[in-house]
Amino acid sequence: MLNYIKHFKKSLGLSRDVFFKQGEAKSFEEIQKSGSRTDVINVLLSRFDRPTYYLEVGVRDPRDNFLKIESKNRYSVDPGLEVEENLADFKCTSDKFFEGMKQGEWRSLPDKFDVIFIDGLHIAEQVDRDIANALEVLSEDGFLVLHDCNPPTQWHAREAFNFFRSPAGVHWNGTTWKAFVKWRKNKSFYSFCVDTDWGVGVISKHFQMGKALELDTEFYEYKLLETKREEVLNLISFENFIQLTDK
Ligand SMILES: C[S@@+](CC[C@H](N)C(=O)[O-])C[C@H]1O[C@@H](n2cnc3c(N)ncnc32)[C@H](O)[C@@H]1O
């Protein structure tokens, strides 16, 4: 009877369930981690012995990351969905931008970039397309970097960005992780994920870091990530990343 009452209260939202407590704790833990997406990108850029070209897909407020990037040649793409004034160089979606690159429409741009940061629409299908398009314009020794590859709970990995009454609250990583996992299976690339700032994924054609992922399923449910996180993402600590990338 007692259990029934408890369940009934929960179903009415009269007491906060364990998922809310876990979600809040996980968000707090993630925010405390040292090292940021900006640090990861700057470390990768520092490996080049030449002036570099950097592209950011999805920039929002450039003061948060873009303007802190240490590269002589920085370019940004964003349709401006989340800001009053869109300060991106290319005020369009990533699809439109990459199509323009293919057609040679953007004359001021180089043919290839050394680091491309993919942080636009965080839905697997779009991220998958962004990765494929970005690889076409990545230098042979370049790096693709993806934000939000390591959602700490299934609530952070929800599809609906503006559903805030979940245990993740305002935090949202979307389904980027699924696109990252798909490319981790590709034997032509090396990839790993730095365990900081909601998971900073790195894909490279040349930087030999771990083997491709062997997976016997085509269906990427959150349970897969939850139970095999280290293996699925090739997850490494920020400190380990610094050591590995030391020249
Ligand atoms: C998470 S924010 C980017 C944050 C920024 N990169 C940073 O590190 O601070 C996501 C941005 O992606 C943009 N965006 C949404 N859909 C997009 C699309 N299809 N192509 C490119 N950018 C998109 C949004 O307008 C938003 O500004």
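**Exercise 1. Which residues in helix 3 meet which residues in helix 9?**

Solution. The model is a predicted one, and the contacts are read from its coordinates. On the side of helix 3 the residues are Asp39, Val40, Val43 and Leu44, and they meet Phe238, Phe241, Ile242 and Thr245 in helix 9. To describe the geometry of this pair, take helix 3 as residues 37-45 and helix 9 as residues 238-245; they pack at an angle of about 10°, with their axes 10 Å apart. Angles under 35 degrees count as roughly parallel, and helix 3 and helix 9 are therefore roughly parallel to each other.

**Exercise 2. Determine how far helix 3 is enclosed, and name what covers its buried residues.**

Solution. Begin with the residues that count as buried, which are Arg37, Thr38, Val40, Ile41, Asn42, Val43, Leu44 and Leu45. These make eight of the nine residues of helix 3, so the helix is largely enclosed by the rest of the structure. The cover over the buried residues includes helix 9 together with strand 1 (53-57), strand 3, strand 4, strand 5 (190-194) and strand 6 (200-204).

**Exercise 3. Characterise the surroundings of Asp148, a buried residue that has no salt bridge.**

Solution. First locate Asp148, which is placed in the loop between strand 4 (138-146) and helix 6 (176-184). Next look for a partner of opposite charge: the nearest such side chain is that of Arg37, 7.2 Å away, whereas a salt bridge requires the nitrogen and the carboxyl oxygen to be within 4 Å. Then turn to polar contacts, where the side chain of Asp148 pairs with the side chain of Asn173 at 2.6 Å and with the side chain of His147 at 3.0 Å. Finally, when residues up to four places away in sequence are not counted, Asp148 touches Asp119, His122, Trp172, Asn173, Thr176, Trp177, Trp198 and Gly199.

One of these contacts, Trp198, deserves a further step. Trp198 is placed in the loop between strand 5 and strand 6, and although it is not a glycine, it has a positive phi of about 70°. With a relative accessibility of 11%, Trp198 counts as buried.

**Exercise 4. Where in the chain do Asp114 and Arg50 lie, and how is each classed by accessibility?**

Solution. The closest N and O atoms of Asp114 and Arg50 are 2.5 Å apart, and the two residues form a salt bridge. This pair links distant parts of the chain, 64 residues apart, with Asp114 in strand 3 and Arg50 in the loop between helix 3 and strand 1. Asp114 is buried, with a relative accessible area of 3%, while Arg50, at 36% relative accessibility, counts as partly exposed.

**Exercise 5. Carry out the corresponding analysis for the salt bridge between Asp95 and Arg129.**

Solution. The closest N and O atoms of this pair are 3.0 Å apart. Asp95 lies in helix 4 and Arg129 in helix 5 (residues 124-136), so the pair ties together parts that are 34 residues apart in sequence. Asp95 counts as partly exposed at 29% relative accessibility, and Arg129 is also partly exposed, with a relative accessible area of 35%.

To place these pairs in the wider count, note that the structure has 10 salt bridges, and that Glu30, Lys33 and Asp195 are linked in a network of salt bridges.

Terms used
Residues numbered from 1 in each chain as written. Predicted model: local features only at pLDDT ≥ 70, side-chain atom pairs only at ≥ 80, totals over all residues. Heavy atoms only, no water. Helix = DSSP H or I, 4+ residues; strand = E, 2+ residues; numbered from the N terminus. Buried < 20%, exposed > 50% of the residue type's maximum accessible area, 1.4 Å probe, protein only. Lys, Arg positive; Asp, Glu negative; His and termini not counted. Polar contact = N/O pair within 3.5 Å; in protein donor to acceptor, adjacent residues only side chain to side chain. Contact = heavy atoms within 4.5 Å. Axes fitted to C-alpha atoms, helices over the stretch in contact; angles between N-to-C directions. Parallel < 35°, antiparallel > 145°, perpendicular 65-115°, else oblique.
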